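Here are my notes on this one, as numbered points. Have the model open while you read.

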Amino acid sequence: MRAGLISVITVFVVMGLGVQRGAGAAGPRQVVELQMKEFAFVPATVTLRAGVPVELRLVNRGVVEHEFMVYNPGHMRMAGMDPDVMHRELEARSYFRGLDVRVEGKAKKVERMGKDLAMITLAPGERVVLRFMPKKKGTFEVGCHIPGHYEAGMKGRWVVR
Ligand SMILES: [Cu+2]
């Protein structure tokens with residue numbers, strides 16, 4: 001009886017250590033939560049280190065759906081642009097081009113250009129986890145381009161150092 005109990009406890013402890021070792025073997029990673037709501041990204045600036053794996057937890061805490069796009073805005077003049085043309089242009093400028101991005105969880109829509117992540121649309125309450133390795137350094141923009149949202153302030157900075 002007592003021996004049985006002890007072996008149960010032993011198994012439990014070993015399993016616990018196994019979980020910790022597994023996490024350690026995966027090495028360092030950057031865990032960031034980015035919330036979407038009306039009409040903002042919180043935090044407004046996401047700062048990442050290039051070359052360190054990222055676990056980005058994206059969640060829609062708002063009451064309407066929102067889009068997540070990260071891109072190089074360059075000298076684009078977005079005001080007055082046709083929404084479809086603008087989305088295509090921003091997707092072509094996506095930060096995620098050439099990066100392997102895994103998306104876990106339920107999203108209303110995940111759009112890719114070829115294999116490259118271009119845009120994620122989340123319904124209220126949805127959350128996903130993105131896993132990728134940032135490479136390109138610089139300052140980029142996060143934006144929601146559902147008509148009216150970006151103009152209302154739904155944008156942020158994406159800084160990779
Ligand atoms: Cu939005």
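1. Terms first: helices (H or I, at least four residues) and strands (E, at least two) are DSSP runs, numbered from the N terminus. Counted that way, the chain has two helices and 11 strands. Starting at the N terminus, the order of elements is α-β-β-β-β-β-α-β-β-β-β-β-β.

2. A word on provenance. This is a predicted model, so local features need pLDDT of at least 70 and side-chain atom pairs count only at pLDDT 80 or more, while totals for chains, interfaces and linings use all residues. Residue numbers start from 1 along each chain as its sequence is written.

3. On the sheet: six strands make an open sheet, ordered β3-β11-β10-β5-β8-β7, with mixed pairing (two strands pair if DSSP finds at least two bridges between them). At the edges sit β3 and β7 (109-113), each of which pairs on one side only. From one strand to the next, the twist averages 20°, with axes being lines fitted to C-alpha atoms and angles running from 0 to 180 degrees between N-to-C directions.

4. If you want one strand pair to look at, try β7 and β8: they run antiparallel to each other over five bridges. Within β8, L117 is the residue opposite R112. As background, strands of a sheet pair through backbone hydrogen bonds, either parallel or antiparallel.

5. Now burial. A residue is buried if 20 or more other C-beta atoms lie within 10 Å of its own, exposed if 12 or fewer, and partly exposed in between, with C-beta atoms placed from the backbone. Of the 161 residues in the chain, 22% are buried.

6. Which residues have the most contacts inside the largest nonpolar core? They are F68 and V70, in a core of 24 residues. (A nonpolar core is a set of buried Ala, Val, Leu, Ile, Met, Phe, Trp, Tyr and Cys residues joined through C-beta atoms within 7 Å.) At least two residues of this core come from each of β4 (54-60), β5 (66-71), β8 (116-122) and β10 (138-143), and β8 gives the most, with five.

7. V70 is worth clicking on. Outside its neighbours within four places in sequence, V70 is in contact (C-beta atoms, placed from the backbone, within 7 Å) with S94, Y95, F96, F140, V142 and W158. Chain-wide, among contacts between residues at least 6 apart in sequence, 68% join residues at least 24 apart.

8. Last, G51, in the loop between β3 (45-48) and β4. G51 counts as exposed because it has 10 other C-beta atoms within 10 Å. K136 is 85 residues from G51 in sequence, yet the C-alpha to C-alpha distance is 9.1 Å.

How values were computed. Contact = placed C-beta atoms within 7 Å.
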